[in-house]
Amino acid sequence: MEDEENIEEELLLVESQLNGLQDKIKTLLDQQEELYERQAQLKAMLEISKTSRDASNSAPSVALEDWSGKFSWDSQADDTRFNVFGISSYRSNQREIINSIMSGKDVLVIMAAGGGKSLCYQLPAVLRDGITLVVSPLLSLIQDQVMGLAALGIPAHMLTSTTNKEIEKFIYKALEKGEGELKILYVTPEKISKSKRFMSKLEKCHHAGRLSLVAIDEAHCCSQWGHDFRPDYKNLGILKIQFPSVPMIALTATATSKVQMDLIEMLHIPRSVKFVSTVNRPNLFYRVYEKSSVGKVVIDEIANFISESYPNNESGIVYCFSRKECEQVAKELRGRGISADYYHADMDVVAREKVHMRWSKSKSQVIVGTVAFGMGINKPDVRFVVHHSLSKSMETYYQESGRAGRDGLPSECVLYYRPGDVPRQSSMVFYENCGLQNLYDIARYCQSKKNCRRGAFFQHFGEAVQECNGMCDNCVSSIELKDIDATYHTKITVSLLQEMQQNDQRATLLQLVDKFKTKWKHSAGCSNEAVDLKKEEIEQLIVQLILDRVLKEEFQHTAYTTNAYVVLGPLWKPALQGNRPVKLTSAIHSQDSGDRFKSAKRNQMSNLEAKLDDLRRTISSRNGGIFPHAVLSTEQISLLNCHTPTTIAELEKLIGKVKTDKYGSDIIEVMWSETGSGKDSGDGAKRQKKDKGVVFVESGEEEG
Ligand SMILES: Nc1ncnc2c1ncn2[C@@H]1O[C@H](COP(=O)(O)OP(=O)(O)OP(=O)(O)O)[C@@H](O)[C@H]1O
Ligand SMILES: [Mg+2]
């Protein structure tokens, strides 16, 4: 009797101690959560601070010199920019970079995709005496650049495994003896590391004082910490050692501070001037669409999106999760009247190149690709990038979506999100370093119906927030949102998993949704105030609970695949006790927003624009290799549409001398046929001209 009393007493004591412990655990877990958040903030702050410290360490000249001031080559540079490159004004940092290179400095350029890095070395290459050497990682990138330069009348060549003997001889002569016209020479990194012959010719060129500049494009390939490491890039350090007096410019779109330090060291450019531009791409509109669980509905939506928003064959990319999905989606889009090809790593090089070429020349509208469709994409007028399912990280999404709008014109990045896609990705990335953390970051981006999408990029890359200007769905949405109290639903989910785990059972996300529905029906729903959730909302809730660490994912390998299961996470107890209110944001009624992007973007090309678009394609096929966008950029077509020049002199003021000399008469012919002016108005005659709908009278100067 007495024994029992003692036992009961001790039991009470233990239970009260356990309760005390539970409370302490809860406090500790809350503390842990706060610390996690602070850790993320501190990491971002550290990154910013390191970047600015590196800037001041490695680039003392930034503080000493003003690269935007006046320089002796200013007028020559302006003339070349406009008359040779047909570019009417510099973009952010371009002029400063060009000035520092022209001053003989080594330069490191971090500038977002499409920011205009090529001009930063191509223009000095034209201005400086001698030959510029450009190292670039991919044959297709090199071919694009060489063709583009040829179209501008700049003598450029490439020396790669595909170069024929005659050209090779010409190049070697130009290097060795300064014979023949050569301004820019593109090589792959293998040439530097593997061809002694080439290096000896290059040395002779340098000796004779003819090596004017060395440019390393896609410089992040140097670093093992970068996303596209290429072993041959590691040997490029030899260039600065052999040619210390020749300025070097290294360019990349993304490099963390670790990668930046790495490549400064590897390329031996410790005193380089560093230019870091913002990650912001103001012309890109970001949106996330809810993705149906029915495959065909998703394709219908994507097909409608393309044909309604881009009826003039404007180029786009659709990214898919797997090779099989890629082929399937391309086929289904074709079945809905969209000219789409697929592209993935299982195809041979020739087939891939063919698909890429058709698309580059705007002969097909869409490439449906896996991540394999990557670095070689140089097309400036990609108007939309659709993600059929979410990427594996914010970084990957930034890069893939960033292939849109490299010409600076309004373009769209659309991601189709379904919470059920998260475990598909997580079972692929969980073994990678920080794989799950990265995936959950992008899942958070997708789940949010309130936060600015652009803001998520700034936070991720540790940059100060900038104005979105109504260029993301959440900033302009007119969809009414409400917060659902999901505390009770969370309790049910947690207790369900607790029961299952006690019985050694497990569930995937989709199985858990079904079990939730059954349990809700039987036990809770009717007697409670809590609202009934739709299937999609339950999925959304479960992913939210994973992101909040109430639940977590666990993985099991089978012979063929890896399965992702949802199990209890570190914060499950307070959630079960209902101590932590859980809110789910839901749309009351989904009505597509009449957003600013849609009104800013004109859906219909004018007749004139369509004709000029046809013209650039005709000229492109007439000239073999040249891309339509190298003949006239989309921006230049808009300019012509706006100003309707009808004389060669007027045209030259808009697109510069070289392009006018080459294509002027063809362009003027189109202008005349569209504006009805020109041929019949003789020299000096007064004629009418339409400019943005305003009719005014102008005296003719010169006829083309
Ligand atoms: N100042 C400018 N004004 C208008 N267009 C420009 C200007 N500078 C560059 N461009 C155009 O922008 C497009 C992208 O330029 P570029 O290929 O140099 O980008 P990038 O920075 O090298 O991007 P990526 O990282 O994707 O290689 C090209 O079509 C180019 O002609
Ligand atoms: Mg580039």
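**Notes on the predicted model**

1. Let's start in a loop: asparagine 93 sits between H3 and H4. Its phi is near 75°, which is a positive value in a residue other than glycine. Keep in mind throughout that this is a predicted model. As background, most residues other than glycine have a negative phi.

2. Asparagine 313 is another one to look at, with a positive phi of about 65° although it is not a glycine. You'll find asparagine 313 in the loop between helix H12 (295-309) and strand E9 (315-319). Is asparagine 313 buried, exposed or partly exposed? Asparagine 313 counts as partly exposed because its relative accessibility is 23%, and that class runs between the 20% and 50% limits.

3. Back to H3 and H4, where a salt bridge joins arginine 95 and aspartate 74, with the closest N and O atoms 3.0 Å apart. This pair links distant parts of the chain: arginine 95 belongs to helix H4 (residues 94-102) and aspartate 74 to helix H3 (residues 74-84), 21 residues apart. On accessibility, arginine 95 is partly exposed at 21%, while aspartate 74 is buried at 16%. The cut-off matters here, since buried means under 20%.

4. Next, aspartate 232 and lysine 194, whose side chains meet in a salt bridge of 3.4 Å, N to O. Here too the pair links distant parts of the chain, 38 residues apart: lysine 194 is in helix H8 (residues 189-194), and aspartate 232 is in the loop between strand E5 (211-216) and helix H10 (237-242). Which partner is buried and which is exposed? Aspartate 232 is buried, with a relative accessible area of 14%, whereas lysine 194 counts as exposed at 59%.

5. The side chains of aspartate 341 and arginine 358 form a salt bridge as well, at 3.0 Å from N to O. Aspartate 341 lies in strand E10 (residues 340-343) and arginine 358 in helix H14 (residues 349-360), so this bridge ties together parts that are 17 residues apart in sequence. Aspartate 341 is buried, at 14% relative accessible area; arginine 358 is partly exposed, at 35%.

6. Those pairs have company, as the whole structure holds 33 salt bridges. Which residues are linked in a network of salt bridges? Lys379, Asp381, Asp613, Arg616 and Arg617 are. In general terms, side chains of opposite charge can pair when their charged atoms come close.

7. Now for ligand 1. There are 17 residues around ligand 1, and the nearest are Ser89, Gly114, Lys117, Ser118 and Arg406. By type, the shell around ligand 1 splits into six nonpolar, six polar and five charged residues.

8. Some polar contacts to check on your screen: a nitrogen atom of ligand 1 lies 2.8 Å from a backbone N or O atom of serine 89. From the side chain of arginine 91, an N or O atom is 3.1 Å from a nitrogen atom of ligand 1. Glycine 115 uses a backbone N or O atom, 3.3 Å from an oxygen atom of ligand 1. How much of the accessible area of ligand 1 does the protein cover? The protein covers 82% of the 640 Å² that ligand 1 has on its own.

9. Last, an annotation. An unreviewed UniProt entry lists residues 298-450 as "domain: Helicase C-terminal". In the model, residues 298-450 are 44% helix and 17% strand, and the end C-alpha atoms of the span lie 23 Å apart.

Notes: Residues are numbered from 1 along each chain as its sequence is written. Chains are lettered from A and ligands numbered from 1 in the order in which they are written. This is a predicted model: local features need pLDDT of at least 70, side-chain atom pairs count only at pLDDT 80 or more; totals for chains, interfaces and linings use all residues. Side-chain values use heavy atoms; hydrogens and water are left out. A residue is near a molecule or strand if one of its heavy atoms lies within 4 Å of it. A polar contact is a pair of N or O atoms within 3.5 Å; within protein, one must be able to donate a hydrogen and the other to accept it, and residues adjacent in sequence count only if both atoms are side-chain atoms. Accessible areas come from the Shrake-Rupley method with a 1.4 Å probe; for residues, only the protein chains shown count as cover. Ala, Val, Leu, Ile, Met, Phe, Trp, Tyr, Cys and Pro count as nonpolar, Asp, Glu, Lys and Arg as charged, and the others, Gly among them, as polar. UniProt positions are given in the numbering used here, feature names are shortened, and annotations may be inferred rather than shown by experiment. Helices (H or I, at least four residues) and strands (E, at least two) are DSSP runs, numbered from the N terminus. A salt bridge is a side-chain nitrogen of Lys or Arg within 4 Å of a carboxyl oxygen of Asp or Glu. Buried means under 20% relative accessible area, exposed over 50%, partly exposed in between (1.4 Å probe, protein chains only).
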